[in-house]
Amino acid sequence: MNIRYILLGSILSLSLLSCTDHFDELNTDPKNLTVDKLDQTSYPLIVANAMYAPIHLGSEANGPFQLAHSLFADVYANYFASTHPNFPSDQFTLVGRWLNGAYTWFYENAAPQIKYAEDFAIENGYDVENAIMKTWRVYAYHRITDFWGPIPYKNFGNGEKSVPYNSQEEIYDDFFTTLDAAVAILKSNAGETSFLGSKDIIYGGNVDQWLKLANSLRLRLAMRIKYADPARSKTEAEKAYQDGVIEHNIDNAFATTSTDWGNSYNVISQWGEYRMSADMESILKGYKDPRAQKYFSEASSPDPSDDPAGLTFNYEGMRNGQSKSDRQAIAFNSLASDMAGPYIEAGGAGPDWPIMRAAETYFLRAEGALEGWNMGGSAAELYEGGIAASMDENGYTDQNLLNEDYLSATSIPVSIDADNPPVSTVPTMWESSADPERQLEQIITQKWIALYPDSWEAWAERRRTSYPVLYPRLTTENELIDVNSIPRRVPYVSTEYDTNRDAVDDAIQNMLGGADNGTTKLWWDKK
């Protein structure tokens, strides 16, 4: 990939992605805005764009969002299944042109702005903003490396035609080092508020909340490497907890949406290309989980024959990996559930986009406690805390759809129809006498529910832990990936092979640890 550090064009072009209201604060003609005119007044706009781009908010990001989320992560996390007959990624075909679109969006739009915002903060002594952008860089890049593995990272923006890759182990090491620097700055500025104001689309400049996010991100990454580097995993996880992670929903990290910078689901949901997965139906219906109402809409043609006694559950799923002929012949868009109302309102801003939430940190801590680490509670307490936090986030108490106590219920997933048995057997109630692996399955199953719709994270956790236990594909078109498996990564893209060939070849031969296909496991995928 020819990643040149031509920042003015790539950064400021994104200023044109939304309505001209965004330029009012600049007090200058945006067409004449140049790097030498950037100052503390205009800098917040650059930060906002740097935050929007990697999470695909905004009209120009709808296509890349579809390519990255809907066509890959969404169906490999098994949150959704594809209904469009011409979308074979649900059958494990790793379509190169789609992946190329997702990859180039990040490196041509998100990465330059993130780098510029961080460098500009350093050059101008914006310490707090530097820490914020360091944290954001780690967040943005960890999603990309967890898709592909080794990627251009440390040398991005080197001004050369060829940009070397870094191994994933090296990248993760730098993540922790970067978070050390960010946390130190944020701690020293506790109680302060950044001048970014509302252009900090996550926390509005609140330093204390950014500190909690930085520590929570460290906790996520620490757990990611648990099977690859257990000692460092423990050290980083305990450090994160001691420094203070997100523990209450008031500190949840969401990117604020608007009609100018909308949730891309509100656009792509209009295209009718996916519906709720059978796994979601089996688990949410079996658990009588009220979150089904916040996640999905009732199906147009529900099937009441498989509903639990006393419960009307009109949320229907479909198996992943449907053949093209079945997707042509069967009206899955009517038979299975679409997303919930706020995600399918045409022209709406849509729900704020989740970055990290209290529920996730509780489940991360529960897994750490299961290992005997100091996480501030027992695995059982933290597991139950994660469920409670997710329920509260979605506006529910501790009751299931039959007004039973969710945490003490013995409910397990159920069959979705006569042909498909329950997807797993883990109950909602913590099994105190079960072995640690069974308890880990409980933790990750509830974490999978709570992470919705963050499929990037859910797919990574499926690869890392093998949980939750979900249905196999009905069919696969990839001769290397059978129906009982999932892709462990996605291949490098044509743009890289065309313009950065030597670096790609070096990454494959010396860093990746296997062939450039969907079966090679990432560095941290060691279970």
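Which residues does Ser411 touch, not counting residues up to four places away in sequence? I would like to start from that small question, and to keep in mind throughout that what we have in front of us is a predicted model. In this model Ser411 touches Gly286, Tyr287 and Lys288, and it also touches Val426, Pro427 and Thr428. The serine itself sits in the loop between α15 and α16, and with a relative accessibility of 9% it counts as buried, since the cut-off for that word is under 20%. If you look from Ser411 towards Lys526, which is 115 residues away along the chain, you will find their C-alpha atoms separated by 32 Å.

One of those contacts, Lys288, deserves a moment of its own. Lys288 lies in the loop between α10, residues 278-286, and α11, residues 292-295, and although it is a lysine, its relative accessible area is 14%, so it counts as buried. Its phi is near 50 degrees, which is a positive value in a residue other than glycine. Most residues other than glycine have a negative phi, and most peptide bonds are trans, so departures from either pattern are what I pick out here. His56 is another such case, with a positive phi of about 60 degrees although it is not a glycine. You will find His56 in the loop between α2, residues 43-52, and α3, residues 62-76, and it is buried, with a relative accessible area of 3%.

Let me now step back to the chain as a whole. It contains 19 helices and four strands, and its C-alpha atoms fill a box of roughly 70 × 50 × 50 Å along the principal axes. For 527 residues, a compact globule would be expected to have a radius of gyration near 24 Å, and the chain has 22 Å, which agrees. Of those 527 residues, 62% count as buried, and among contacts between residues at least 6 apart in sequence, 75% join residues at least 24 apart. As for the surface, the chain exposes about 18300 Å², of which carbon and sulfur atoms supply 47%. There are 42 positive and 74 negative charges, and the mean positions of the two sets are 4 Å apart.

With that frame in place, I would like to turn to α17, residues 455-465. How many of the residues of α17 are buried? The count is 11 of 11, so the helix is largely enclosed by the rest of the structure. The buried set includes Trp456 and Trp459, but also charged residues, among them Glu457, Glu461, Arg462, Arg463 and Arg464. What covers these buried residues includes α3, α5, α7 (207-224), α14 and α16.

The two ends of α17 also carry some backbone details that are worth checking by eye. Before the helix, a cis peptide bond joins Tyr452 and Pro453, with omega at about 5 degrees, and Pro453 is placed in the loop between α16, residues 436-451, and α17. Just after the helix, Ser466 takes a positive phi of about 70 degrees. Then the peptide bond from Tyr467 to Pro468 is cis as well, with omega near -5 degrees, and Pro468 belongs to the loop between α17 and α18.

Helix α19, residues 501-512, gives us a two-sided picture. Its buried residues are Ala503, Val504, Ala507, Ile508 and Leu512, and they cover an arc of only 135 degrees around the axis, which puts them on the same side of the helix. On the other side of α19, Asp502, Gln509 and Asn510 are exposed. Cover for the buried residues includes α5 (127-148) and α18 (494-499), and just after the helix Gly513 takes a positive phi of about 85 degrees.

My last stop is Asn374, in the loop between α14, residues 358-370, and α15, residues 379-393. Is this residue buried, exposed or partly exposed? At 38% relative accessibility, Asn374 counts as partly exposed. Leaving aside its neighbours within four places in sequence, it is in contact with Glu238, Tyr241 and Gln242. The C-alpha atom of Asn374 is also separated by 9.9 Å from that of Thr235, although the two residues are 139 apart along the chain.

Notes:
Residues are numbered from 1 along each chain as its sequence is written. This is a predicted model: local features need pLDDT of at least 70, side-chain atom pairs count only at pLDDT 80 or more; totals for chains, interfaces and linings use all residues. Side-chain values use heavy atoms; hydrogens and water are left out. The radius of gyration is taken over C-alpha atoms; the globule rule is 2.2 Å times the number of residues to the power 0.38. Buried means under 20% relative accessible area, exposed over 50%, partly exposed in between (1.4 Å probe, protein chains only). Contact means heavy atoms within 4.5 Å. Accessible areas come from the Shrake-Rupley method with a 1.4 Å probe; for residues, only the protein chains shown count as cover. The place of a charge is taken as NZ of Lys, CZ of Arg, CG of Asp or CD of Glu. The arc is that of the directions from the helix axis to the C-beta atoms.
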